[in-house]
Amino acid sequence: MKNKMFSMLALATALVLWLAACQPAAPTPVQLPSPTSSTTPQAGGSATNSSVPAAGQRVLKIMTHDSFAASDTVINAFEHANNVKVQILKSGDAGAATNKAILSKNNPLADVFYGVDNTFLSRALQAGIFEPYNAPLLADIPAQYKLDSSNQALPVDWGDVCLNYDKAYFKDKSISPPQTLEDLLKPEYKSLLVVENPASSSPGLAILLTTIGHFGENGYLDYWKGLVANDVKVDDSWDNAYNLDFSGSAGHGSRPIVLSYGSSPPFEVLGADTPVSEPPTAAIVSDGTCFRQIEFVGILKGTQNRDLAEKWIDFMLSKTFQEDMPMQMYVFPTNPQAKLTEVFTKYMQIPNKTVIISPDEIAAKRDVWIQAWNNAILH
């Protein structure tokens with residue numbers, strides 16, 4: 001998921017902001033609208049749903065990434081139940097929003113921050129921006145999503161970053177689609193793959209982490225060099241890769257394999273201009289080919305609305321909000337009581353075994369890994 005003082009402080013702040021803008025983006029969810037993937041970070045947040053509160057009505061501010069979305073009826077239900085006006089402060093992509101929350105921790109801009117994911121979680125926790133909250137509904141959430149034992153960051157949603165392919169292309173060419181990362185180095189897949197840059201894209205960072213987890217720190221760069229030799233294309237954003245270069249999307253590009261999400265095929269059905277009975281695309285979900293992103297919410301330290309912040313987190317973990325998320329942000333609920341629509345249950349593909357790298361290791365090595373990739377692949 002940035003103020004003027006004396007010259008020394010201004011220079012330091014500017015440097016931190018510059019570094020924040022260089023950070024990789026984090027989940028926008030899955031023309032399909034752009035998923036929780038990345039866009040260019042914004043320096044300032046923009047407020048939505050921010051009409052003037054009624055007389056005597058309190059205001060609850062939610063800082064989040066630009067991909068946040070919820071149905072008006074869902075937000076209104078929370079407002080009416082608690083006599084509160086909710087203001088959503090969109091603050092760039094997940095990496096930029098996280099950095100903004102950290103920089104403003106001594107004078108928080110909101111009461112709650114939603115959207116930090118497992119690639120930035122340790123950074124937020126180390127900065128101490130959250131107050132712990134043992135939400136009652138945490139008892140229903142599976143342990144695999146609970147990455148913070150202190151309950152400062154509570155898991156709201158998840159999604160798998162996976163390779164997708166254009167089914168018609170492979171059928172027409174009588175070629176079997178790839179099933180493993182190693183397959184992508186084969187001659188028959190030359191010039192077929194488009195991925196996103198890990199320095200500017202959330203799914204791009206996810207595929208980089210996937211290759212590190214699969215091939216190890218001593219082998220991932222050799223694998224990427226092999227992809228370059230097989231003419232991989234690297235785009236700056238998910239939107240360009242999926243909607244322009246991917247042959248299976250509305251853009252009808254030239255590349256039949258793209259890095260996207262396991263949720264993308266169901267949305268090809270839901271978002272089709274002409275109704276279709278099955279998605280024209282499929283995800284590759286073999287062991288070790290996908291990376292699971294988990295997004296968290298937390299109460300910002302120093303809030304003057306602790307009671308309302310707790311109620312908002314309870315609401316985000318409730319069935320009402322959790323069942324609304326898939327159609328709004330193309331991510332999936334952590335609360336197993338939330339039901340998915342039939343299209344999701346029928347067409348979503350979930351890997352049995354995703355690549356796992358701990359948030360602490362990502363925090364310690366993320367920048368080094370990205371720089372090494374950049375030096376080896378783009379220069």
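The crossing of helices H2 and H10 is right-handed, a term that applies if the near helix is turned clockwise from the far one, whereas a crossing is left-handed if the near helix is turned anticlockwise by less than a right angle. The model is predicted, local features need pLDDT of at least 70, side-chain atom pairs count only at pLDDT 80 or more, and totals for chains, interfaces and linings use all residues. Residues are numbered from 1 along each chain as its sequence is written, and side-chain values use heavy atoms, with hydrogens and water left out.

The axes of H2 (residues 72-82) and H10 (residues 306-316) come within 11 Å and cross at roughly 140 degrees, which makes H2 oblique to H10. Axes here are lines fitted to C-alpha atoms, for helices over the stretch in contact, with angles from 0 to 180 degrees between N-to-C directions; angles under 35 degrees count as roughly parallel, over 145 as roughly antiparallel, 65 to 115 as roughly perpendicular and the rest as oblique. Helices (H or I, at least four residues) and strands (E, at least two) are DSSP runs numbered from the N terminus. Val-74, Ile-75, Phe-78 and Asn-82 of H2 make the contact (heavy atoms within 4.5 Å) with Leu-308, Lys-311, Trp-312 and Phe-315 of H10.

The axes of H6 (residues 202-215) and H13 (residues 359-378) come within 11 Å and cross at roughly 100 degrees, so H6 is roughly perpendicular to H13. From H6, Leu-205, Leu-208, Leu-209 and Ile-212 take part, and from H13, Ile-362, Arg-366, Trp-369, Ile-370 and Trp-373.

H6 also packs with H7 (residues 220-229) at an angle of about 120 degrees, their axes 8 Å apart, which makes H6 oblique to H7. This contact joins Ile-207, Leu-208, Thr-211, Ile-212 and Phe-215 of H6 to Tyr-220, Tyr-223 and Trp-224 of H7.

In the table, Ala, Val, Leu, Ile, Met, Phe, Trp, Tyr, Cys and Pro count as nonpolar, Asp, Glu, Lys and Arg as charged, and the others, Gly among them, as polar.

| Contact | Nonpolar | Polar | Charged |
|---|---|---|---|
| H2 with H10 | six residues | one residue | one residue |
| H6 with H13 | eight residues | no residues | one residue |
| H6 with H7 | seven residues | one residue | no residues |
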